[in-house]
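The following exercises concern one protein chain. Please study the sequence and the model, attempt each task, and then compare your reasoning with the worked solution.

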Amino acid sequence: MVSEQSPDIAAPHPLNTKTLKQIFWLSPIGMTILDLNGRFLSANQAFCDALGIEEIDLLALSFKDFTDCEDVPLLCALGSQLIRGNRQHFQIETRHRSGKKAPLQVSLTVTMVRDSLQRPICFLVQVVDLTERKWMEDQLKHHAFYDLLTGLANRALFVNRLEQTLKRMERRTDKPCAVLFLDLDRFKGINESLGHSVGDQLLVTLARRLEACVRRCDTLARLGGDEFAILLEETTGLEDVTAVCDRIHDALRRPFLVGDCETYTTISIGVVYGDGGQTASTLLSNADTALYRAKAQGGACHTVFEETMHQRAVTLWQLSNYSQQAVQRQEMHVRYQPIVDLATGQTASVEALIRWNHPQHGSISPSEFIPVMEETGVITDIGYWVLRAACQQVSQWQPQLPQHLRPTVNINVSPRQLTHFALIDQIETILAETGLAAEQLRLEITENALIQTIDLSMQVLKTLQELKVGLCIDDFGMGYSSLSRLQQLPVDTLKIDRSFIRHIKRDGENTEIARSIIDLARSLGMTVVAEGVETLHQLEQLKALACDKVQGFYFAKPLLPDAALRFMQTPVML
């Protein structure tokens, strides 16, 4: 575009001093002018807004007064280079204090202003506020590497640190590291019974307790759900790892108070050592295998990985798949072990016990397949099948036995079953279909399992009591239930664990625990059954202690239905 103004008349220069001042003052980029000592000479509005201070208050201060002390030395060094003429400007990210609550993170562009003789006059500083952008970057980084619920490292960060540790061990002869894989026992029952919000609170509280069990140099991570992992660097051996595991188990002995609920839980731990020759994925896989073994042993313990565990893990995985179809293939059946009344010699009850005869693997021990079913959740379906089959069988025996000889049936239920109200509906349906009286059904649960699920299952237990279904605590004496808690439970029978019966001697030695349990049960109005009775002298000692009922190989092994019926029809000679 051509100007219509006459060339003879000189137009005023648009960038006069006043205009330059306006540009400086109105610029949306924070700008300030500093003398050669870093003291403020002037600052625009954007700069003052960023610092949260008025320009008049700045003039008595130095730029150092607002700069993070760790950034001051570098700024001073770069400023000296500008003064000496080694460079004309520099750009750097720095941190600054301000009158606002949050500190500033900024990008500084500092330019040396010189006179016509190239003598340094002042610094021109341009400031771009990076605080919000840095916060967003930190949030993205945090979300990428940290668990949002607990604030712990997540799987990605844990694997990264494990890989870095293994690389260092390849380059140097460092002490071996250890990976701990942790999983809460029966956490699914807590989530389903008390709700996911309570489950989340429990995980947060657990995270804080776990943090107190490890060193600052160790890495604690939540891998997902109720799974956690710990990387212990430079361990000196099994004692180090065992000490950490013991601290973790001890930390979980205290109840968890989440909302209005007080609950107990335990944790299983798989341990594997790394010496630099393995990959991170291999170590995690092996730790997971060791964890699975700890679960199979009943949980609340730690297990160190051994090479033989891998094949076992494959076998158990196959076992869990087989078990889902075992009932339909008629590989599973129920046997019945008599429980004899010491006062009459008659069979007072029978315990229904599941057995599995696999076509390829033969007879599989319940100690192997029950934990697998518990972990995979198949136990709820199998448990329902056992309930139905046992109640049907006892109902079929009824016409063949005198009224006074009709036994109750004891059926084992898992913690997973006991924490679901579906169990109530199942029992009511089965009793209605079979015609069995509720008083002839007694559910057995181990003491430890009952302690761990008591807060979740109390309402189920009370409803069972209202239905007149009995409850028996199995393996009593192996857990830590208090007398006050025992009194709160609708329990009618205690079973003395077989380990206490096994060591009873002919002269009455080692009967103290059995005697204490019998006295305790009598004071609470409960019946006592001693299980695992295998010898005559054990029977005689239990009779001397006035035990109510006994069960064991001395009388009969678990029997097929026809053999069990014949046993019930004939009193035992005591």
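**Exercise 1. Explain how far apart Arg522 and Asp519 lie along helix α19, and describe how their side chains meet.**

Solution. Step 1: locate the pair. Helix α19 covers residues 512–523, and because Arg522 and Asp519 are three residues apart in α19, about one helical turn separates them. Helices (H or I, at least four residues) and strands (E, at least two) are DSSP runs, numbered from the N terminus. The model is predicted, so local features need pLDDT of at least 70 and side-chain atom pairs count only at pLDDT 80 or more, while totals for chains, interfaces and linings use all residues. Residues are numbered from 1 along each chain as its sequence is written, and side-chain values use heavy atoms, with hydrogens and water left out.

Step 2: examine the contact. The side chains of Arg522 and Asp519 form a salt bridge, at 3.8 Å from N to O. A salt bridge is a side-chain nitrogen of Lys or Arg within 4 Å of a carboxyl oxygen of Asp or Glu. Side chains of opposite charge can pair when their charged atoms come close.

Step 3: classify the exposure. Arg522 is partly exposed at 45% relative accessibility, and Asp519 is partly exposed with a relative accessible area of 43%. Buried means under 20% relative accessible area, exposed over 50%, and partly exposed in between (1.4 Å probe, protein chains only).

**Exercise 2. Describe the salt bridge between Arg133 and Glu137.**

Solution. Step 1: the N to O distance for Arg133 and Glu137 is 3.5 Å. Step 2: Arg133 and Glu137 are four residues apart in helix α5 (residues 131–145), so about one helical turn separates them. Step 3: Arg133 is partly exposed, with a relative accessible area of 46%, and Glu137 is partly exposed at 37% relative accessibility.

**Exercise 3. State which parts of the chain the salt bridge between Asp68 and Arg95 links.**

Solution. Step 1: the closest N and O atoms of Asp68 and Arg95 are 3.9 Å apart in this salt bridge. Step 2: the pair links distant parts of the chain, with Asp68 in the loop between α3 (55–58) and α4 (72–84), Arg95 in strand β3 (residues 89–96), and their positions 27 residues apart. Step 3: Asp68 is partly exposed at 22% relative accessibility, and Arg95 is partly exposed at 33%.

**Exercise 4. Determine the order of the strands in the five-stranded open sheet, and explain what is found at its edges.**

Solution. Step 1: the order is β7-β8-β6-β11-β12, with mixed pairing. Two strands pair if DSSP finds at least two bridges between them.

Step 2: β7 (219–224) and β12 (302–304) are at the edges; each has a single partner strand, so one side of each is left without a neighbour in the sheet. The twist averages 20° from one strand to the next. Axes are lines fitted to C-alpha atoms, for helices over the stretch in contact, and angles run from 0 to 180 degrees between N-to-C directions.

Step 3: consider one pair of strands. β11 (residues 267–274) and β12 run parallel and are joined by three bridges. Gly270 stands opposite Thr303 in β12.

Step 4: add the helices. Helix α6 (residues 155–171) packs on the sheet, where α6 touches β6 (177–184), β7, β8 (227–232) and β11, and the direction of α6 makes about 25° with that of β8. Contact means heavy atoms within 4.5 Å. Helix α10 (residues 280–296) lies across β6, β11 and β12, at about 145° to β11.

**Exercise 5. Decide whether Gly276 is buried or exposed, and identify its contacts.**

Solution. Step 1: Gly276 is in the loop between β11 and α10. Step 2: Gly276 has a relative accessible area of 6% and is therefore buried. Step 3: leaving aside neighbours within four places in sequence, Gly276 is in contact with Leu166, Met169 and Glu170. Gly276 and Met169 are 107 residues apart along the chain, yet their C-alpha atoms are separated by 5.0 Å.

**Exercise 6. Describe the surroundings of Asp147.**

Solution. Step 1: Asp147 is in the loop between α5 and α6. Step 2: Asp147 is buried, with a relative accessible area of 12%. Step 3: not counting residues up to four places away in sequence, Asp147 touches Leu152, Ala153, Asn154 and Arg222.
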